[in-house]
Amino acid sequence: MSDLNRPQLQLPNGADKLLLHSCCAPCSGEVMEAIQASGIDYTIFFYNPNILPAEEWEKRLFWQKHLLETAPFGKNVGLIVPERDETAFRLAAAGLEAEAEGGARCTECFVLRLSRTAEAAREGGYDYFATTLTVSPHKNAPLINAIGEKLAEDHGVLWLPSDFKKRDGYRRSIELSHEYGLYRQSWCGCGLPENF
């Protein structure tokens, strides 16, 4: 268990049901641990049509399931895996294929994945939705939070703002990856030129 001095996560106004978008097991470990310690009822939502090729998507899903099955903070946590829809990502990224990671293609990818998460949260009766994406030092947490807030308004569900990399969250995610033998990919999902 972590010795990090993290504040307890709390959902405002007595809310207790969260849908957590997960991009991969390494990013989700620290976030799952923090949420479990806070006693929040949550479900993992693995919607990542940006992960190319299909074999890579399957590998990351395998390790997400492995973490849920082996880590104490994964026990009794639900997992929702919508059908892989590479076409949705390719449409969102059309014309942005040459963008570097962190550019306009990433913004469209965040919108795509978080919009689907917001829809699922509303349909599933969750109080809030959030994402593990902000644990990465390569992801723009203020941008992700702005997108989340806008989509929350659009879909009638609440967004839980976060920057999970703070207070050594990213370091803890690496520790947990080693502890559970997780596969740690070297790119977000679409970033290899041969994938386009």
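The following exercises, each with a worked solution, examine a predicted model.

Residues are numbered from 1 along each chain as its sequence is written. In this predicted model, local features need pLDDT of at least 70 and side-chain atom pairs count only at pLDDT 80 or more, while totals for chains, interfaces and linings use all residues; side-chain values use heavy atoms, with hydrogens and water left out.

**Exercise 1. The nonpolar core**

Identify the residues that touch the most other members of the largest nonpolar core, and the elements that supply it.

Solution. A nonpolar core is a set of buried Ala, Val, Leu, Ile, Met, Phe, Trp, Tyr and Cys residues joined through side-chain atoms within 4.5 Å. Buried means under 20% relative accessible area, exposed over 50%, and partly exposed in between, with a 1.4 Å probe and protein chains only.

- Step 1: the largest core has 52 residues, and Leu-18, Tyr-42, Leu-67 and Phe-129 touch the most other members.
- Step 2: helices (H or I, at least four residues) and strands (E, at least two) are DSSP runs, numbered from the N terminus. At least two core residues come from each of S1 (17–21), H1 (25–38), S2 (41–45), H2 (54–70), H3 (86–93), H4 (104–124), S4 (128–131) and H5 (141–155).
- Step 3: the most is given by H4, with 8 residues.
- Step 4: contact means heavy atoms within 4.5 Å. Beyond its neighbours within four places in sequence, Tyr-42 is in contact with Leu-18, Leu-20, Met-32, Ile-35, Gln-36, Phe-73, Val-77 and Gly-78.

**Exercise 2. Helix H1**

Compare the span of H1 with the expected value, then determine how much of H1 is buried.

Solution. The expected span of a helix is 1.5 Å times one less than its number of residues.

- Step 1: the 14 residues of H1 should therefore span 20 Å, and the end C-alpha atoms are 20 Å apart, which agrees.
- Step 2: 12 of the 14 residues of H1 are buried, so the helix is mostly covered.
- Step 3: the buried residues, among them Cys-27, Glu-30, Met-32 and Ser-38, pack against S1, S2, H2 and helix H6 (169–179).
- Step 4: just after H1, Gly-39 takes a positive phi of about 75°.

**Exercise 3. Residues in H4, H5 and H6**

Classify Thr-107, Asn-145 and Glu-175 as buried, partly exposed or exposed.

Solution.

- Step 1: Thr-107 lies in H4 and counts as partly exposed, because its relative accessibility is 23%. Not counting neighbours within four places in sequence, Thr-107 is in contact with Leu-143 and Ile-147.
- Step 2: Asn-145, in H5, is buried because its relative accessible area is 14%. Outside four places in sequence, Asn-145 touches Trp-159, Leu-160, Pro-161 and Ser-162.
- Step 3: Glu-175, in H6, is partly exposed because its relative accessible area is 29%. The C-alpha atoms of Glu-175 and Glu-30 are 8.9 Å apart, although the residues are 145 apart in sequence.

**Exercise 4. Backbone features in loops**

Locate the cis peptide bond and describe the phi values of Arg-167 and Asp-168.

Solution.

- Step 1: a cis peptide bond, with omega about -5°, joins Leu-52 and Pro-53; Pro-53 is in the loop between S2 and H2.
- Step 2: Arg-167, in the loop between strand S5 (158–159) and H6, has a positive phi near 55°. Arg-167 is exposed because its relative accessible area is 52%.
- Step 3: Asp-168, in the loop between S5 and H6, has a positive phi near 65°. At 40% relative accessibility, Asp-168 counts as partly exposed.
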